Each structure stands twice: as structure tokens, then as C-alpha cells.
Amino acid sequence: MLAAGSVNKLLPIPGVAEHAHGFRGLPEALYLRDHVTRQVELAAAADDPKTCAARCTFVVVGAGYTGTEVAAHGQMFTDAQVRKHPLRQGMRPRWMLLDVAPRVLPEMDEKLSATADRVLRERGVDVRMGTSVQEATHEGVVLTDGEFVETRTLVWCVGVRPDPLVESLGLPMEKGRLLVDPHLQVPGRPELFACGDVAAVPDLEKPGSYTPMTAQHAWRHGKVAAENVAASLGLGGARKPYRHRDLGFVVDLGGAKAAANPLGVALSGVPAGAVTRGYHLAAMPGNRVRVAADWLLDAVLPRQAVQLGLVRSWSVPLDTSSPELARVPGGPEQRQETAARSGPGAALASDTHDEPDPGGAGEEPAKGQPGSGPTQVRPGPGPAQPRTEAETAKGRPSGDGPGSRFTEQRSETDPAKGRPGKSRRPAADPAAIRHRGSRVGSLP
Ligand SMILES: Cc1cc2nc3c(=O)[nH]c(=O)nc-3n(C[C@H](O)[C@H](O)[C@H](O)COP(=O)(O)OP(=O)(O)OC[C@H]3O[C@@H](n4cnc5c(N)ncnc54)[C@H](O)[C@@H]3O)c2cc1C
């Protein structure tokens with residue numbers, strides 16, 4: 001049963017893999033929350049208005065439901081934070097939402113799109129459609145219209161792609177997803193089933209198309225697939241085809257605001273908010289009372305704004321084939337040290353300083369770059385696979401460990417990176433690269 005889900009979709013834009021933050025799973029979300037909190041705190045303490053403005057500018061790329069929700073909630077979150085850490089007079093956190101599409105939520109109903117657009121603009125989000133990022137650097141982003149926006153935060157929400165694990169099978173695919181029949185079985189491979197984001201499941205309600213990559217479908221796929229596995233083993237009844245009609249979409253815009261079209265009926269305002277919260281609560285597999293109580297407390301109490309320090313930047317690289325797995329630099333003997341460095345208060349020099357620390361001691365490596373030896377990216381058996389220099393450059397582990405010495409990899413002549421001497425990577429260690437190539441590695 002293949003149900004490996006999806007990974008971040010990257011585009012070949014210089015600097016994005018190094019400088020952007022993903023928002024695909026809980027580790028990335030936890031990291032981003034800390035990062036945003038840190039930027040607001042540093043902005044409040046900044047001496048000059050330029051630095052303050054840069055730290056308090058947050059650029060979100062991708063106006064699908066993820067980016068739209070991140071920008072909408074982000075503006076509320078940082079506005080609440082500056083009440084505790086007031087910025088320089090007259091300054092307010094600025095969130096930008098970019099997309100090449102002509103409207104937010106481009107794949108959804110136009111009414112949903114209009115509602116979301118209105119709420120975002122009313123809240124103060126700078127919505128720029130028909131615009132994207134041309135290059136990302138340590139100091140900011142160059143937009144496709146040529147404008148340079150100073151920022152320390154680029155949030156990458158351009159979507160996901162099926163886990164590349166399924167590509168390796170050499171079986172028929174449909175847009176990166178493994179083709180299955182309506183019984184969720186791989187044609188010609190009776191022992192192989194697939195479901196969720198990795199599977200291209202024929203949509204019997206819309207002949208000729210495949211069910212979209214949503215949780216709504218994924219968990220229903222899982223149930224049918226499990227029953228069909230049992231049936232294929234002679235247990236239970238006959239195999240059943242997968243059939244489900246989309247129930248509509250809900251987009252949570254924070255507070256009481258939402259855009260929703262349950263069963264095709266477009267809603268906005270408080271009714272949409274109620275439907276959205278109600279649907280999400282109903283979709284929870286458990287823990288509903290606790291979640292509802294949390295929402296209630298959030299509605300009446302001030303937002304909590306403390307950094308948790310549980311997820312370090314290098315453990316949530318944007319460019320990875322499986323972002324949900326914990327990444328631990330070094331072998332078993334180095335783990336104790338790693339754990340000590342990863343605890344609360346783990347923000348280090350690279351998180352808080354604009355200029356690199358030449359010594360590098362105690363510094364957190366650049367995003368997605370554990371300063372250490374082998375990092376396990378994917379479990380499972382398989383032959384060791386040598387990595388190329390190009391892959392090394394993508395920010396995977398190398399060097400001697402956290403706090404090891406770093407080498408400057410940016411230079412005047414590095415066209416991909418644009419700005420010299422601002423972002424550093426750990427020195428490449430051929431031994432570490434060889435070890436890292438193995439798909440059998442250390443998990444915590
Ligand atoms: C930010 C965001 C918001 C979303 N909001 C909604 C929403 O509101 N409504 C909705 O319907 N959908 C939503 N989705 C989509 C939804 O999350 C996915 O469609 C759904 O999670 C897919 O389920 P899945 O089981 O296929 O994959 P996943 O939920 O991704 O689970 C796959 C699991 O397999 C693990 N894995 C990967 N490779 C291996 C391996 N080799 N060995 C072992 N384990 C492995 C992964 O670590 C992961 O835990 C959202 C997605 C994102 C990113």
C-alpha cells in the first residue's frame with residue numbers, strides 16, 4: 001500500500017531553495033511560527049527603520065488555499081504581536097501575497113475568490129496577483145516586475161507534488177501520481193495498492209478526471225483501499241470502486257472570517273466562519289473538545305507569542321523528498337549534542353543577525369543545511385546512492401557538525417545567488433556526502 005503523500009513543489013527560481021520556508025506539515029509550521037515571532041521581536045528592537053521594516057515584511061508566494069490562509073492568519077498574528085512589542089512609530093507588519101494567477105484561490109469558485117480577496121485587503125494584506133518572485137536573497141526578494149522587497153521571510157506556498165518515491169517504480173503515472181484503477185489497485189500489479197496524494201484515482205463523479213489531492217479524498221481512499229485489500233485476501237465482501245462527490249471547499253481566513261461553498265452554496269462572513277470551523281472540527285479524527293476549547297480561549301484571550309524552539313531551520317529544508325521526517329545531523333555519538341542544541345531557545349546567530357558570523361561557532365547553519373554529517377532524509381532499504389555536487393549545493397548536510405566552520409559559497413561570480421557574501425553554507429565533506437547517499441540511515 002503506497003500512501004507516501006506529497007512534498008513541496010519547487011520552481012527553478014534562484015535562491016528559493018535556500019531562503020524560502022515551506023508550510024506543508026507541522027514541523028514547517030512550527031518553525032515558521034517561531035521565525036515570524038522572532039522577526040517581530042527583532043524588528044521591535046531594531047535601531048533603524050530600514051531593518052525594522054525588512055524584518056516586519058513577510059512575503060507569501062502562492063495564493064491557493066494554503067498561501068491565502070497563511071497570509072490572512074499571518075497578518076492577524078503579527079498585528080497581535082506588535083501590541084506586545086510595539087514597532088517604531090507608525091509601523092505595522094506588512095504581509096504580501098503573490099501569485100502569477102489573476103486572482104486569489106485561482107482554482108476555486110470565483111465567489112470564494114472574491115470573498116477571500118476582500119477579507120485580505122480589508123485586513124491590510126498587500127495582494128499582488130500576476131506577480132511572483134524572480135530571485136530570493138538573504139536581504140529580500142526580487143519580484144517579477146523588477147521591484148526589490150526587503151524581507152527576512154519568504155513563505156513558499158506554491159503547492160505540493162506527489163512524493164517522488166512512486167516515480168522510482170517505473171509504473172504508469174499521471175502528472176507525477178501513480179495510476180490506479182477505481183479499486184485503488186495498480187493495473188497489472190494485483191499486490192500493489194495506492195491511495196491519497198500519490199495516487200491518480202479516477203473520479204467516477206467526473207469521468208475523465210482524477211480525484212484532487214485533498215484530505216477529503218485521501219482518508220476516504222484509505223478506507224476503501226483497506227476494504228479492498230481485505231477483499232483481495234478473501235476476507236469481507238467484494239472489492240468496491242472508490243466514489244465520492246466533493247463536498248465543497250472551506251478557506252479559514254482567521255477570526256470569524258472565512259470563505260466557503262459547502263455543497264456548492266457560496267457563503268461569506270460569519271456563516272462561512274461557522275461552517276468552516278464546524279467542518280474542520282467534524283473532520284478531526286479525535287481531540288475535538290480540546291480543539292474547540294482552544295478556539296474558544298483564542299477568541300477571548302490574547303494570542304500567545306513565544307518561540308518554542310522545537311524545530312531548527314536546517315531540519316525543515318524546502319527541497320526534500322520527505323519533509324515529515326526528523327533530521328538529525330551526525331551519527332549516534334553526535335545525537336546527544338544535537339539534542340542539546342535543538343532545545344528551547346534554539347535561535348542562533350543566523351536567525352538573529354543580518355551579517356554572518358565568521359567564526360560560525362554555535363551558529364545555526366543556513367536554512368535546510370545541517371552543519372553535519374549524514375542526515376536521514378528517507379527511511380527504507382536500498383543501495384547507497386552517490387550524490388552529486390549539485391545536490392550537495394542544495395543545502396544538505398556537510399561539514400563537521402552544528403557550529404562547525406563554514407565556508408563562503410557566495411561570491412561576486414555566483415550568478416544564481418545574486419548578492420555576495422551574505423549566506424553561507426557548511427563546507428562540503430566528501431565522506432559525509434558518501435554516507436549521506438545511503439538510504440539506510442539514522443533516525444532518532
Ligand atoms: C498546508 C496544507 C493545508 C491543507 N488543507 C487542506 C484542507 O483544508 N482540506 C483538505 O481536504 N485537504 C487539505 N490539504 C491537503 C491534504 O493535507 C492532503 O491531501 C492529505 O494530507 C493527503 O494525505 P496522504 O495520506 O496522501 O498524505 P500525507 O498526509 O502527506 O501523509 C503521508 C505520510 O507518509 C509519510 N511518508 C512519506 N514517505 C514515506 C516513506 N518512504 N516511508 C514511510 N512513510 C513515509 C509522510 O511522512 C507522511 O506522514 C492541505 C495540504 C496542505 C499542505
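The following exchange concerns a three-stranded sheet and two helices in a predicted model.

Me: What is the strand order in the open sheet of three strands?
Reply: The order is β16-β17-β18, and the pairing is antiparallel.

Me: Which strands stand at the edges?
Reply: Strands β16 (250–252) and β18 (267–268) do. Each has a single partner strand, so one side of each is left without a neighbour in the sheet.

Me: And how many bridges join β16 and β17?
Reply: Three bridges join β16 to β17 (residues 258–260), in the antiparallel sense. Among the bridge partners, Ala 260 in β17 is matched with Val 250.

Me: Changing topic, which helix runs at about 75 degrees to β17?
Reply: That is α7 (residues 269–283), which lies across β16, β17 and β18. Helix α5 (residues 110–123) also lies across these three strands, running at about 180 degrees to β17.

Me: What does α7 span from its first C-alpha to its last?
Reply: Its 15 residues reach 21 Å, close to the 21 Å expected at 1.5 Å a residue.

Me: Which residues of α7 are buried?
Reply: Ala 272, Gly 273 and Thr 276 are buried. Seen down the axis of α7, the buried residues fall within an arc of 105 degrees, so they line one face of the helix.

Me: Why would residues a few places apart point the same way?
Reply: An α-helix has 3.6 residues a turn, so those three or four places apart point the same way.

Me: What do the buried residues of α7 pack against?
Reply: They pack against β16, β17 and β18. The face of α7 turned away from the buried side carries Val 270 and Ala 282, which are exposed.

How values were computed. Residues are numbered from 1 along each chain as its sequence is written. This is a predicted model: local features need pLDDT of at least 70, side-chain atom pairs count only at pLDDT 80 or more; totals for chains, interfaces and linings use all residues. Two strands pair if DSSP finds at least two bridges between them. Helices (H or I, at least four residues) and strands (E, at least two) are DSSP runs, numbered from the N terminus. Two residues are in contact if their C-beta atoms, placed from the backbone, lie within 7 Å. Axes are lines fitted to C-alpha atoms, for helices over the stretch in contact, and angles run from 0 to 180 degrees between N-to-C directions. The expected span of a helix is 1.5 Å times one less than its number of residues. A residue is buried if 20 or more other C-beta atoms lie within 10 Å of its own, exposed if 12 or fewer, and partly exposed in between; C-beta atoms are placed from the backbone. The arc is that of the directions from the helix axis to the C-beta atoms.
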